Amino acid sequence: ESEGGFLTAQTHRSSREGARGRNQRQKNTKSPLHMNRYLSVHDAYRKEFGSDVSLYAVVMETEGPRSTSGSDYHMVVKIADPSVGSIDASYTYINVNLFSKRKEHLPEIRRPGDVVRITHLKVGKWQGNPQLTAKVGKGAGDVTERCQFLVFDGPGQGSSDVAYQRSTAAGASRSDATHVANLHKYWTQCGPMAVKGLPATPTVFGPAVGGDNALCVHAAYRAKPGSEVSLYAVVKEWSMARETKRTPHNTDGVDFHAVLTVIDSSVASILSPESNEPYTDVDIRFFGSKEDLPRPRSLGDIVCVRRVKVTTYKGRPQLNVTVRNSDFLLFDGPGKGTSNVAYQSSSAENTAGDAARIASLRQYWTQVGAASAQDHPFTISVSQIDIDRPRLFDLHCRVLSIADVNGRKGLVVWD
């Protein structure tokens with residue numbers, strides 16, 4: 001993908017023309033200026049020092065431009081996306097420092113929530129922390145700087161894939177519409193809440209209860225297979241305990257299995273490999289005796305799980321918990337008390353949780369999570385059931401009776 005669009009290869013009839021085409025394509029791909037792999041904010045921030053990164057992000061706030069002690073102008077753009085919380089649980093943005101010889105060559109952001117595409121940022125270091133910087137516009141000798149940017153309106157303010165401002169050499173890309181649409185969803189759900197509480201300096205949460213460094217759901221889901229992770233999350237759904245099949249590894253008898261479906265503000269940054277649509281939740285699978293499995297009281301309760309095993313199933317990550325080898329804590333959600341003492345714990349020695357993380361997730365559920373759970377895309381009404389078009393769906397209804405249908409149990413339902 002180039003600044004001006006996609007590099008395409010034509011099919012040539014003769015071998016001579018084919019060789020010439022291959023040579024031309026090789027020539028075009030030598031310069032990194034023409035090839036950008038767009039990273040999440042988290043991945044860009046965590047790249048090795050000296051790396052060259054490109055990204056899409058939402059603008060939370062800007063500072064400047066101001067003249068520097070030299071001849072440049074300096075501007076700070078505070079950016080975020082759904083992955084920013086996985087840098088550290090309390091990060092709500094990161095800074096991008098832009099410099100230019102001319103003030104008018106810096107981006108002019110209209111309002112918080114607008115989307116930027118910035119290419120060729122340099123990962124540096126300041127006071128021991130990563131820092132993204134770049135020069136834009138014209139440099140020495142009137143040469144165009146490598147960093148280019150486009151600015152798009154936020155949600156509800158105009159076309160999602162046409163930039164209202166761009167730097168001198170920035171061109172539209174076929175990926176703009178998808179990235180911008182996903183960031184519009186993120187801003188609509190989470191952005192305004194983050195801006196209201198935008199701190200001057202991101203505050204770092206301490207380690208989770210028990211000394212583990214708890215991750216957000218996105219970071220746990222994307223952890224290396226075979227690793228063990230810890231996390232805090234909100235319970236969105238759960239299943240009843242069911243017996244598992246006896247296996248050669250299960251020599252102690254039949255285990256029971258239950259699933260907690262969880263969310264947090266980072267889940268939307270996990271994209272489906274098939275549709276590129278953001279995830280709405282992630283499952284955690286628990287195995288153990290029936291009485292030891294988690295039993296949430298209601299939607300919105302908070303779960304802390306330590307030593308979650310990251311595995312793969314059919315090519316996708318899967319989070320598994322063997323209760324006898326792991327720890328979990330369940331806390332009441334918002335509106336049910338302010339206690340940070342677990343109402344269910346897999347270990348009698350550990351009943352207290354990290355107050356800051358629990359408070360943050362209660363706030364997230366109150367402001368964002370509960371609404372997104374009710375507006376789940378799989379939920380339909382009885383009148384929308386189409387037996388000629390089989391599909392998976394969720395149904396919330398009243399059971400009127402239980403019938404015997406061809407030797408199987410059937411529910412007669414109403415809404």
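Glu 63 and Lys 78 form a side-chain salt bridge with an N to O distance of 3.1 Å; a salt bridge here is a side-chain nitrogen of Lys or Arg within 4 Å of a carboxyl oxygen of Asp or Glu. Glu 63 belongs to strand E2 and Lys 78 to strand E3 (residues 73–80), so the pair ties together parts that are 15 residues apart in sequence. The model is predicted: local features need pLDDT of at least 70, side-chain atom pairs count only at pLDDT 80 or more, and totals for chains, interfaces and linings use all residues. Residues are numbered from 1 along each chain as its sequence is written, and side-chain values use heavy atoms, with hydrogens and water left out.

## Salt bridges

Side chains of opposite charge can pair when their charged atoms come close. The whole structure holds 12 salt bridges. Three of them are listed here.

| Pair | N to O distance | Citation |
|---|---|---|
| Arg 146 and Asp 52 | 3.0 Å | salt bridge |
| Glu 63 and Lys 78 | 3.1 Å | salt bridge |
| Asp 153 and Arg 110 | 3.2 Å | salt bridge |

Accessibility classes follow fixed limits: buried means under 20% relative accessible area, exposed over 50%, and partly exposed in between (1.4 Å probe, protein chains only). Glu 63 counts as partly exposed because its relative accessibility is 31%, whereas Lys 78, at 6%, counts as buried. Glu 61 joins Glu 63 and Lys 78 in a network of salt bridges.

Arg 146 and Asp 52 are 94 residues apart and link distant parts of the chain, with Arg 146 in the loop between strand E6 (129–135) and E7 and Asp 52 in strand E2. Arg 146 is partly exposed at 37% relative accessibility, and Asp 52 is partly exposed with a relative accessible area of 37%.

The pair of Asp 153 and Arg 110 also links distant parts of the chain, 43 residues apart. Asp 153 is in the loop between E7 and strand E8 (165–166), and Arg 110 is in the loop between strand E4 (94–100) and E5. Asp 153 is buried, at 9% relative accessibility.

## Chain totals

The chain has 6 helices and 20 strands; helices (H or I, at least four residues) and strands (E, at least two) are DSSP runs, numbered from the N terminus. Of its 415 residues, 43% are buried. Among contacts (heavy atoms within 4.5 Å) with a separation of 6 or more, 62% involve residues 24 or more positions apart. The chain exposes about 22700 Å², of which carbon and sulfur atoms supply 49%; accessible areas come from the Shrake-Rupley method with a 1.4 Å probe, and for residues only the protein chains shown count as cover.

## Nonpolar cores and surface

A nonpolar core is a set of buried Ala, Val, Leu, Ile, Met, Phe, Trp, Tyr and Cys residues joined through side-chain atoms within 4.5 Å. The largest has 44 residues, and those with the most contacts inside it are Ile 79, Val 84, Ile 94, Leu 98, Leu 121 and Leu 132. Strand E2 (residues 52–67) supplies the largest share of this core, 7 residues. Apart from this core lies another, of 42 residues, including Ala 233, Leu 260, Ile 263 and Ala 342.

Beyond four places in sequence, Ile 79 touches residues including Val 41, Leu 55, Tyr 93 and Val 116.

At the surface, Trp 238, Met 240 and Leu 299 make a nonpolar patch of about 320 Å². Patches are made of residues with over 30% relative accessible area and no salt bridge: like charges are joined within 9 Å, and nonpolar side chains (Val, Leu, Ile, Met, Phe, Trp, Tyr) within 5 Å. Trp 238 lies in strand E9 (residues 228–238) and is partly exposed at 32% relative accessibility.

## Backbone and individual residues

Most residues other than glycine have a negative phi, and most peptide bonds are trans. Gly 64 and Pro 65 are joined by a cis peptide bond with omega of about 10°, and Pro 65 is placed in strand E2. His 120, in strand E5 (residues 115–126), has a positive phi near 60° and is buried at 6% relative accessibility. Arg 307, in strand E13 (residues 302–313), has a positive phi of about 60° and is partly exposed at 33%.

Phe 149 sits in strand E7 (residues 148–152) and is buried at 3% relative accessibility. Its C-alpha atom is 6.8 Å from that of Val 116, 33 residues apart along the chain.
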